Amino acid sequence: MKTKFLLAIFLLIPSVMMATQQEPDFLLVDGQKLELLDPYYYHTGYPLDDFFSEKNPRPEFFHKEGSRSTGNGRGYVATWEIKEGKLYLAKVEKTYRLDDDIRIIPAERFMPGKAYPVFADWFSGVLQAVESRYSQEIIFYSVKHGALSSRSILEFTQFNRRYRSQEDIDWRAQGDPLRADDEAWTDARLLVSEGGKYLAMGSKGVEVKTRGIYRQSENEKFAGHLWIPMTPGSTSASIPLDKSSQTTTIADGTFVEIEGRLVYNVLVAEKIRPLSQLEGIHNPNYPEINYKLRGSHRAYLEKAAEIVRDSMKKADTEPSGEK
């Protein structure tokens, strides 16, 4: 029994380590030292981890030399630098838990023939950086094969933290500059609510303009799906597209705006427009409207439908900036 208990604790250790907020990597930009956001909480990634593969295996000494703490499960802290439009690995440090000593690991120990600074040509993605953990805005650096392609800033509001998906943040971060998006469309999450479903009942359905990510479908009955990713404050949603929808020229994974008619929870797309990287798929007015929906008991479908219907009218008549 004792052995089984100890084994259970041992198996839990990795998950506990990853659940603990991790010691950040750092990014140097124009003499300023920024912190990269924790991938576990913000679904980003450590750029150095992208370097390791079967061809370039992750070195064991990251964990063998000294003890690994719950606050640093990867076994190192990397410092990066953006200089002249390129991303460089400036240094990698190993933190020893026993004496709190910090040691710089030579680049050649895990990148044969290399020395700091190392051009990070293996990395393509979006770095999310903050001045500190109490910052009210996130700075996005879009990188392609080590070259900086854009820089954007997103205010760290309640909406962006709880009701905007990481997919949408990464998409919009590639637009330069990241500007406020208008609200002249209906959030797709409202269309899959009880009120939205009630409105869609009947052969005529309801006219809608909404946004999401186009996904191809293996079901021949549909032309695909409009997918809305999960956020910390809302679940994911998927709306099937009627087979008559013209999606042949739309690539899987495209961020789109669709105008058409929602009939019995199936969207008949009359117009599909790919979004620019300055446009998002989560409407800033969603939290307020969703709160009203929660306030109307699900049994009162007419009330819920009225709330969704009013939001559609507001979108058509009162476009405004992001909150």
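Start by selecting Ser-245 and showing its side chain: it reaches the backbone oxygen of Asp-242 at 2.9 Å. Keep in mind as you click around that this is a predicted model.

**Stop 1: around Ser-245**

Stay on this serine and add Ala-269 to your selection. The backbone nitrogen of Ala-269 sits 3.0 Å from a polar atom of the Ser-245 side chain. Now bring in the wider neighbourhood. Leaving out residues up to four places away in sequence, Ser-245 touches Ala-223, Leu-267, Val-268 and Ala-269.

Where along the chain are you? Colour strand E12 (237-242) and strand E13 (255-263), and you'll find Ser-245 in the loop between them. Is this serine buried or exposed? Ser-245 has a relative accessibility of 5%, and the cut-off for buried is under 20%, so this loop residue counts as buried.

**Stop 2: strand E8**

Next, select residues 137-144, which make up strand E8. Switch on a surface for everything else and see how much of the strand you can still spot. Six of its eight residues are buried, so E8 is largely enclosed by the rest of the structure.

**Stop 3: the neighbours of E8**

Add residues 125-130, which are strand E7. E7 and E8 run antiparallel, with five bridges joining them. Follow the chain from one to the other and you trace a hairpin, with six residues between the two strands. For a landmark, pick Gly-125: its bridge partner in E8 is Val-143.

Keep Val-143 highlighted and select strand E9, residues 147-155. Which residue of E9 is the bridge partner of Val-143? Leu-148 is the one to click. So Val-143 gives you a handy crossing point: it is bridged to Gly-125 and also to Leu-148 in E9.

E8 and E9 are antiparallel too, joined by eight bridges. They form another hairpin, this one with two residues between the strands. Zoom in on the turn and find His-145, where phi is positive, at about 50°.

While you have strands on screen, try showing their side chains. In a regular strand, the side chains alternate between the two faces of the sheet.

**Stop 4: zoom out**

Finally, clear your selections and show the whole protein chain as a cartoon. There are nine helices and 14 strands to pick out. Of the 323 residues, 45% count as buried. Swap to a surface view, and you're looking at about 17,700 Å² of exposed area, with carbon and sulfur atoms supplying 52% of it.

One last thing to explore is how the chain folds back on itself. Among contacts between residues at least 6 apart in sequence, 60% join residues at least 24 apart.

Conventions: Residues numbered from 1 in each chain as written. Predicted model: local features only at pLDDT ≥ 70, side-chain atom pairs only at ≥ 80, totals over all residues. Heavy atoms only, no water. Helix = DSSP H or I, 4+ residues; strand = E, 2+ residues; numbered from the N terminus. Buried < 20%, exposed > 50% of the residue type's maximum accessible area, 1.4 Å probe, protein only. Contact = heavy atoms within 4.5 Å. Areas by Shrake-Rupley, 256 points an atom, 1.4 Å probe, with all protein chains shown as cover. Pairing = 2+ DSSP bridges. Polar contact = N/O pair within 3.5 Å; in protein donor to acceptor, adjacent residues only side chain to side chain.
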